[in-house]
Amino acid sequence: EWDKSGIYKTPDKKESTEVWKKQFRTKDSDEFGGVAINGDNIYMIQNIGDKSFLIRDGKNKEAIWKKELASDGEYHDILAQGGYIYLLGSEGKVGVIKKFDINGKAIRSKQLRKDNLPYWCGIAVDEKNIYLAGNIQIRKEGNLNTEISVVKYNHELEEVWSKEFGTDEADYPRDVEVDNKGNVYLVGQTLGNLEKTNKGLI
C-alpha cells in the first residue's frame with residue numbers, strides 16, 4: 001500500500017526502502033524484455049538494436065555473465081523455474097521459445113508457428129508442461145482479424161494442444177499463468193464482445 005505522500009509501505013506498515021539500482025547504458029536504443037529470479041541470481045533479457053542478450057547478475061548487482069542470443073531476435077518474456085530459464089520472443093518474423101540451464105547453457109530451442117504472423121508474449125511452466133500465450137492473425141470473411149492463441153507444450157517442446165479464440169474485433173493477451181491443477185489463466189484486452197460481456201479486459 002502507499003501512504004498519502006506516495007511512499008510504499010509493507011503490510012506491517014514499515015516503509016519500503018530501495019536496496020540498490022543498476023543502470024545499463026549503450027550507444028544504441030535498448031530495452032529490457034523481462035526479469036526473472038532464481039535463488040540469488042537475477043536473469044534479464046536485453047534487446048539492443050538488432051541484438052539480444054541474456055544477462056545473469058548476482059543479488060548485489062554484480063555481473064556474472066552476459067550471453068548474446070540470435071542477432072535478429074527480440075525477446076518479450078523470461079521465466080526461471082525448476083532449475084531452467086525460459087525465453088519467449090521472435091527471431092525474424094518467427095516466434096521462438098528457448099530453454100537454458102541456470103548457467104546459460106542452451107538446452108532446447110523451438111520455432112513456433114510460422115503462419116499467421118504470431119506474436120508471443122506470455123509463458124507459464126508447471127512440472128510437466130509449458131504454456132504460451134500470443135496473438136495470431138486469422139482471415140475471416142476476407143479480413144484479417146487478431147485473435148488470442150494458447151499453446152501447451154511438454155518439456156521436450158512437443159506440442160500437446162492449441163486453442164484460438166476471440167471476437168470479431170482485435171483481441172490481445174498480456175500474460176498467462178497455470179495453477180497446481182493444470183488450469184490455465186489469461187489476462188488481456190479485447191476491443192469486441194468476449195463471451196457476451198462488455199468491451200474491456202478479459
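Reader: In what order do the strands of the open four-stranded sheet run?

Author: In this predicted model, the sheet is open and its four strands pair in the antiparallel sense. Read across the sheet, the order is β5-β6-β7-β8.

Reader: Which strands stand at the edges of that sheet, and why is one side of each left without a neighbour?

Author: An edge strand here has a single partner strand, so one of its sides is left without a neighbour in the sheet. The strands in that position are β5 (73-81) and β8 (106-111). From one strand to the next, the twist averages 15°, and the edge strands asked for are β5 and β8.

Reader: Over how many bridges do β5 and β6 pair?

Author: Strand β6 covers residues 84-91 and pairs with β5 in the antiparallel sense. Within this region Ala80 stands opposite Ile85 in β6. The number of bridges between β5 and β6 is eight.

Reader: Is Ser52 buried or exposed?

Author: Ser52 lies in strand β3, which spans residues 51-58, and touches residues including Lys67, Leu69, Gly73 and Tyr75. Burial requires a relative accessible area under 20%, and the relative accessibility of Ser52 is 0%. Ser52 therefore counts as buried.

Reader: With which side chain does the side chain of Ser52 make a polar contact?

Author: Gln46 and Asn47 are among the residues that Ser52 touches. The polar contact, at 2.7 Å, joins the side chain of Ser52 to the side chain of Asn47.

Reader: How many helices and strands does the protein have?

Author: The protein has 202 residues, of which 41% count as buried. Its secondary structure comes to zero helices and 15 strands.

Note on methods. Residues numbered from 1 in each chain as written. Predicted model: local features only at pLDDT ≥ 70, side-chain atom pairs only at ≥ 80, totals over all residues. Heavy atoms only, no water. Helix = DSSP H or I, 4+ residues; strand = E, 2+ residues; numbered from the N terminus. Buried < 20%, exposed > 50% of the residue type's maximum accessible area, 1.4 Å probe, protein only. Polar contact = N/O pair within 3.5 Å; in protein donor to acceptor, adjacent residues only side chain to side chain. Contact = heavy atoms within 4.5 Å. Pairing = 2+ DSSP bridges. Axes fitted to C-alpha atoms, helices over the stretch in contact; angles between N-to-C directions. Lists of a residue's contacts leave out its neighbours within four places in sequence.
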